[in-house]
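Please work through the following exercises with the sequence and the three-dimensional model at hand. Each task is followed by a solution that proceeds step by step.

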Amino acid sequence: QKIESFLVDVSVKQAVDETIKDLMLSWKSIDILVNNAGITRDGLLIRMSEEDFDRVIAVNLKSLFNLCRAIVPHMVKARSGNIINVSSIVASTGNPGQFNYVASKAGVEGATKALAKEVASRNIRINCIAPGFIQKPMTDKLTETQKEHILSQIPMKTMGKPEDIANV
């Protein structure tokens, strides 16, 4: 089996469409799509800029629309496919200072449910995973107080590692 990756700004529809068009010229089918794009631009709502809100929504949620819109027709034609969308535990718990991030990840979960109902009859599986806090550059920015609060709510008292999610 062969796996390929592409560098593309997934928040830009034209860039996604061109990449998928090029990909389909050589591959003829797409078996799996993992929507894992995610950024944060944290800040309290009253101080959050429209630019920070828009960028998080574009990368975390619009990218899912762009990629699914470009790839699902190929999966429908093949009557096969798997899409895995990555959300976050904060989509259901909320998190202060992350109005934009939480909204984007809750949107990912809702979109997953809607799309699953649209394409299930075509043998396309859509799933969503919502990891807890994972050690990565985004969580490295947290203060010690924030980290202590998070760890107090985790039964194992430790953040997960990227490979914990990748192995799923």
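The exercises below concern a predicted model and treat its pockets, its cavity, its cysteines, its strands and two backbone angles.

**Exercise 1. Describe the largest pocket by volume, lining and residue class.**

Step 1. The volume of the largest pocket is about 1200 Å³.

Step 2. Its lining consists of 43 residues, and those nearest the centre are Ser88, Tyr101, Gly132, Ile134 and Lys136.

Step 3. Assign the lining to secondary structure. At least two residues each come from the strands β2 (81-86) and β3 (124-129). The helices α3 (90-93), α4 (99-119), α5 (137-140), α6 (144-152) and α7 (162-166) likewise each supply at least two.

Step 4. Sorted by class, the lining of the largest pocket holds 21 nonpolar, 18 polar and four charged residues.

**Exercise 2. Locate Ser88 and decide whether it is buried or exposed.**

Step 1. Ser88 is among the residues nearest the centre of the largest pocket, and its place in the chain is the loop between β2 and α3.

Step 2. The relative accessibility of Ser88 is 9%. The cut-off for a buried residue is under 20%, and therefore Ser88 counts as buried.

Step 3. List its contacts, leaving aside neighbours within four places in sequence. Ser88 then touches Tyr101, Lys105, Glu109, Ile129, Ala130 and Pro131. Of these partners, Tyr101 is also named among the residues nearest the pocket centre.

Step 4. Consider a second serine, Ser49. The two residues are separated by 39 residues in sequence and, C-alpha to C-alpha, by 22 Å in space.

**Exercise 3. Describe the second largest pocket and state which element gives the largest share of its lining.**

Step 1. The second largest pocket encloses about 930 Å³ of space.

Step 2. It is lined by 24 residues, with Ile3, Glu4, Ile30, Ile32 and Leu33 closest to its centre.

Step 3. The elements α1 (13-27), β1 (32-35) and α2 (50-78) each contribute at least two lining residues. The largest share, five residues, belongs to α1.

Step 4. The lining of the second largest pocket comprises 15 nonpolar, six polar and three charged residues.

**Exercise 4. Determine how many cavities of 30 Å³ or more there are, and characterise the largest cavity.**

Step 1. The count is one cavity of 30 Å³ or more. The largest cavity has about 40 Å³ of space.

Step 2. The residues that line the largest cavity are Asn35, Asn36, Ala37, Val59, Asn60, Ser63, Leu64, Val86, Lys105 and Val108.

Step 3. Two or more of these residues come from α2 and likewise from α4, and α2 gives the most, with four.

Step 4. By class, the cavity lining contains five nonpolar, four polar and one charged residues. Lys105, which belongs to this lining, is also a contact of Ser88.

**Exercise 5. State how many disulfides the structure holds, and examine Cys68 and Cys128.**

Step 1. The structure holds zero disulfides.

Step 2. Cys68 takes part in none, and the nearest cysteine sulfur, that of Cys128, is 11 Å away. A disulfide requires sulfur atoms within 2.5 Å.

Step 3. Compare the accessibility of each residue. Cys68 has a relative accessible area of 8% and is buried, whereas Cys128, at 29%, is partly exposed.

**Exercise 6. Analyse the side chains of β1 and its pairing with β2.**

Step 1. The side chains alternate along β1. Leu33 and Asn35 point to one face and are buried, while Ile32 and Val34 point to the other face and are not buried.

Step 2. β1 and β2 run parallel and are joined by four bridges. Within this pairing, Leu33 has Ile83 of β2 as its bridge partner.

**Exercise 7. Identify where Arg79 and Lys157, two non-glycine residues with positive phi, are found.**

Step 1. For Arg79, phi is about 55 degrees. Arg79 sits in the loop between α2 and β2 and, with a relative accessible area of 45%, is partly exposed.

Step 2. For Lys157, phi is about 60 degrees. Lys157 is placed in the loop between α6 and α7.

How values were computed. Residues numbered from 1 in each chain as written. Predicted model: local features only at pLDDT ≥ 70, side-chain atom pairs only at ≥ 80, totals over all residues. Heavy atoms only, no water. 1 Å grid on protein atoms, 1.4 Å probe; cavity = no way out; pocket = protein on both sides within 12 Å on 5 of 7 lines; lining within 4 Å. Points joined across faces, edges and corners; volume = space filled by probe spheres on them. Nonpolar A, V, L, I, M, F, W, Y, C, P; charged D, E, K, R; others polar. Buried < 20%, exposed > 50% of the residue type's maximum accessible area, 1.4 Å probe, protein only. Contact = heavy atoms within 4.5 Å. Pairing = 2+ DSSP bridges.
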